[in-house]
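Reader: Please take a close look at one part of this model for me. I would like the pocket first, then whatever surrounds it.

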Amino acid sequence: MIGVLASKGAAGNQDPNAVAIVPYTAAQDELTGYSTSFTQLIVQAKSSKALNAAEQEAADVLASDNKTTVAALPFTIINQGSLLATSQSTTHTFTVLLGAVAAISLLVGGIGIMNIMLVTVTERTREIGIRKAIGAQKSAILSQFLTEAVLLSLIGGMTGVIVGLIGSRFKIVGVKPIVAPSSIFEAFAVAVIVGVFFGLYPANRAASMRPIDALRYE
């Protein structure tokens, strides 16, 4: 549609979709009256790659019109590219911090699963001995305890997903969270990986028991 700008995302507290652009002469005639100065000038580059060149060109034009140098201009020129770079750097820092917190949480949860499985293996030592004595293969014992570890991890993952879905219904610091469907599948995938990784040692320990030693265990 002619005369209508393309929709843009919000930037901070400003909504670029709620802006009308008119020639400054029309604004002077219809809204503000005659004015000989501006408090702000916005220059748009042809592309994001031309931001620095556009900034330099605008600075040169303004310096020429004011009969001075760029360094001596009595106002500040802000390049949105530098603001975007700063924003991306800040976002990256927060992403790394959140990733570190998530990794620590997974490590603690995985250690908890491993401890639970080690206790389970110890408590069921005689059961393991009986099963191996009547012909159970090492792979059967291994898969049994590994499956239990994965189920424990999946239960934890499912609980976390449910809590996350409930929490996404509310605004957090004025922001309404949006849950991507792919993140749910990724959460369950990570839960399976954690269960396998931290459950492998207890499962292998159970599968490696000698039947006679397991049957003698009290």
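**The pocket and its surroundings**

Author: This is a predicted model. Its largest pocket has a volume of about 2,100 Å³. The lining of that pocket counts 42 residues. Nearest its centre lie L41, I42, V43, Q44 and Q80. Two elements give two or more residues to the lining: α2 (51-65) and α3 (80-123). Of the elements, α2 gives the most, with seven residues. By class, the lining of the largest pocket has 23 nonpolar residues, 14 polar ones and five charged ones.

Now α2 itself. With 15 residues at 1.5 Å a residue, α2 should span 21 Å. The C-alpha atoms at its ends are 21 Å apart, so the expected span and the model agree. After α2 comes K67, which has a positive phi, near 55 degrees.

The other lining helix, α3, leads on to the largest nonpolar core. That core has 15 residues, and V121, I128, I141, F145 and A206 touch the most other members. The elements giving two or more residues to this core are α3, α5 (138-167) and α6 (181-207). The largest share comes from α6, with five residues. In soluble globular proteins, nonpolar side chains tend to be buried together.

I128 shows the contacts one by one. Leaving aside residues up to four places away in sequence, I128 touches V121, I141, F145, A206 and M209. Four of these, V121, I141, F145 and A206, are also named among the core residues that touch the most other members.

Key: Residues numbered from 1 in each chain as written. Predicted model: local features only at pLDDT ≥ 70, side-chain atom pairs only at ≥ 80, totals over all residues. Heavy atoms only, no water. 1 Å grid on protein atoms, 1.4 Å probe; cavity = no way out; pocket = protein on both sides within 12 Å on 5 of 7 lines; lining within 4 Å. Points joined across faces, edges and corners; volume = space filled by probe spheres on them. Helix = DSSP H or I, 4+ residues; strand = E, 2+ residues; numbered from the N terminus. Nonpolar A, V, L, I, M, F, W, Y, C, P; charged D, E, K, R; others polar. Core = buried A, V, L, I, M, F, W, Y, C linked by side-chain atoms within 4.5 Å. Buried < 20%, exposed > 50% of the residue type's maximum accessible area, 1.4 Å probe, protein only. Contact = heavy atoms within 4.5 Å. Expected span 1.5 Å × (residues − 1).
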